[in-house]
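Good morning, everyone, and thank you for making the time. I would like to walk you through a structure that is new to most of us, so please have a look at it first.

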Amino acid sequence: MRQVTVTEHLLTHQSMSASATGRFTSLLNELILSAKIISRSVNKAGLLDVLGGTGEVNVQGEQVQKLDEFANSILIHRMKRAGVLCAMASEENADLIPVPEKFQRGSYMLVFDPLDGSSNIDVNINVGTIFSILKRKDNSDKEVSLSEILQAGVEQVAAGYFLYGPSTMMVYTTGRGVNGFTLDPSVGEFLLSHPNMRIPEDGKIYSVNEGNQMYWDTPTKEIMETFRSKQNKLGKPYSLRYVGSLVADFHRTLLYGGIFLYPMDHKDPNKPSGKLRLMCEASPLSMVAEQAGGLGSDGSGRILDIKPDMLHQRVPLIIGSKNDVQFCIDHYKKAS
Ligand code: AHG
Ligand code: MN
Ligand code: MN
Ligand code: MN
């Protein structure tokens with residue numbers, strides 16, 4: 001296959017204006033450099049002092065892993081210098097991260113999960129980085145207020161993820177389909193490997209943490225029972241696959257089809273809407289899913305239609321093959 005880089009692909013396949021493409025390319029290139037640095041540390045984690053926890057607890061109430069902290073600091077440091085952002089928000093930071101005046105600023109805003117799947121770092125299982133790109137509505141040069149970044153997923157200019165696995169991949173969309181790029185470490189470039197990714201309309205795999213079963217409500221239990229039994233469109237049980245890293249479980253779902261679910265549960269009274277975050281996990285992956293012909297829902301409507309009230313708002317997430325997600329939406333509707 002001819003080697004097509006991310007930048008070449010963006011410049012030849014996106015309908016952005018030349019200036020927008022230029023600024024957007026700068027943003028992507030800094031994001032890609034950050035991912036290469038994170039990938040290098042993930043690939044040698046056992047040899048570097050990046051395993052284990054920092055002893056800190058983050059705004060999510062989670063034990064911060066050293067690689068969470070490392071990835072977060074790389075992204076914040078690099079993206080402040082991209083020259084095109086006016087603000088950032090990270091899963092690891094309680095508040096909005098403004099871009100200081102001393103740096104050249106632009107109108108893009110970046111929301112990210114610097115390292116997704118932290119519980120898998122120490123056992124050498126795939127982890128990833130998820131990103132969501134928004135635009136400031138007015139082109140004032142005042143400091144960005146929180147309300148300006150609290151935008152529904154439909155407003156995203158672009159979204160995607162990096163997956164640090166047997167190979168390091170970048171999958172993203174600017175609203176004109178989904179394309180996947182694989183890092184060739186020998187040249188240090190992400191090269192087009194999965195053009196125009198489409199998610200099969202029906203799948204044979206469901207992906208959920210069955211260990212939460214006792215905490216689910218009745219309709220959720222009925223949905224999982226349907227996937228486990230012959231009473232589904234396959235006429236036989238779906239296979240269960242669950243990595244525990246959202247990016248890995250989503251990437252498999254994107255390629256093979258099927259459905260990933262992190263429904264609301266009653267395990268933690270502080271997290272009544274489930275564990276996953278709207279702005280740095282559910283929205284970006286739902287944009288990718290919809291652009292690939294799939295669907296992302298909270299069980300009643302589109303994830304992309306949800307306007308966040310808070311930066312770290314959590315949502316139930318049901319995402320994957322359109323018909324499998326629609327089955328869940330219909331079941332919840334019947335049960336309501
Ligand atoms: P993060 O590491 O960014 O905090 O995200 C972890 C999430 C997500 O990657 C995964 O789908 C989910 O946690 C797994 O949660 P459980 O261990 O409760 O199944
Ligand atoms: Mn976390
Ligand atoms: Mn995550
Ligand atoms: Mn994370």
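I will begin with the overall fold, then go through the metal sites, and end with one residue in a helix.

Before anything else, please keep in mind that this is a predicted model. The protein contains 8 helices and 15 strands, and its C-alpha atoms fill a box of roughly 60 × 45 × 45 Å along the principal axes. A compact globule of 336 residues would have a radius of gyration near 20 Å, and since the protein has 19 Å, the two agree. Of the 336 residues, 56% count as buried, while the exposed area comes to about 14,400 Å², with carbon and sulfur atoms supplying 51% of it. If we take the contacts between residues at least 6 apart in sequence, 63% of them join residues at least 24 apart. As for charge, there are 35 positive and 37 negative side chains, and the centres of these two sets lie 4 Å apart.

Let me turn now to the metals, starting with the manganese ion that is ligand 2. Which residues coordinate this manganese ion (ligand 2)? They are Glu62 and Glu91, each through OE, at 2.1 to 2.2 Å. The pair links distant parts of the chain, 29 residues apart, with glutamate 62 in the loop between strand 1 (53-57) and strand 2 (63-65), and glutamate 91 in the loop between strand 3 (85-90) and strand 4 (97-98). Both glutamate 62 and glutamate 91 are buried.

The manganese ion that is ligand 4 takes us back to one of these glutamates. Its protein donors are Glu91 (OE), Asp113 (OD) and Leu115 (O), which lie 2.0 to 2.2 Å from the ion, and in sequence these donor residues are spaced E-x21-D-x1-L. Glutamate 91 therefore ties together, with aspartate 113, parts that are 22 residues apart in sequence, because glutamate 91 lies in the loop between strand 3 and strand 4 and aspartate 113 in strand 5. Glutamate 91 also bridges the manganese ion (ligand 4) and the manganese ion (ligand 2), and these two ions lie 3.5 Å apart.

That leaves the manganese ion that is ligand 3, which is coordinated by Asp113 (OD), Asp116 (OD) and Glu281 (OE), at 1.9 to 2.1 Å. The donors of the manganese ion (ligand 3) follow the spacing D-x2-D-x164-E along the chain. Here aspartate 113 in strand 5 (residues 108-116) and glutamate 281 in helix 7 (residues 278-291) link distant parts of the chain, 168 residues apart. Are aspartate 113 and glutamate 281 buried or exposed? Aspartate 113 counts as buried because its relative accessibility is 0%, and glutamate 281 counts as buried because its value is 1%, where the cut-off for buried is under 20%. The manganese ion (ligand 3) and the manganese ion (ligand 2) are 5.3 Å apart.

Finally, I would like to point out a residue in a helix. Serine 34 is found in helix 2 (residues 18-43), and it counts as buried because its relative accessibility is 0%. What is serine 34 in contact with, leaving aside its neighbours within four places in sequence? The residues in contact with serine 34 are Ile74, Leu75, Arg78 and Met79.

Thank you for listening.

How values were computed:
Residues numbered from 1 in each chain as written. Chains lettered and ligands numbered in written order. Predicted model: local features only at pLDDT ≥ 70, side-chain atom pairs only at ≥ 80, totals over all residues. Heavy atoms only, no water. Helix = DSSP H or I, 4+ residues; strand = E, 2+ residues; numbered from the N terminus. Rg over C-alpha atoms; globule rule 2.2 N^0.38 Å. Buried < 20%, exposed > 50% of the residue type's maximum accessible area, 1.4 Å probe, protein only. Contact = heavy atoms within 4.5 Å. Areas by Shrake-Rupley, 256 points an atom, 1.4 Å probe, with all protein chains shown as cover. Lys, Arg positive; Asp, Glu negative; His and termini not counted. Charge placed at Lys NZ, Arg CZ, Asp CG, Glu CD. Donors = N, O, S within 2.8 Å, 3.2 Å for Na, K, Ca; no water.
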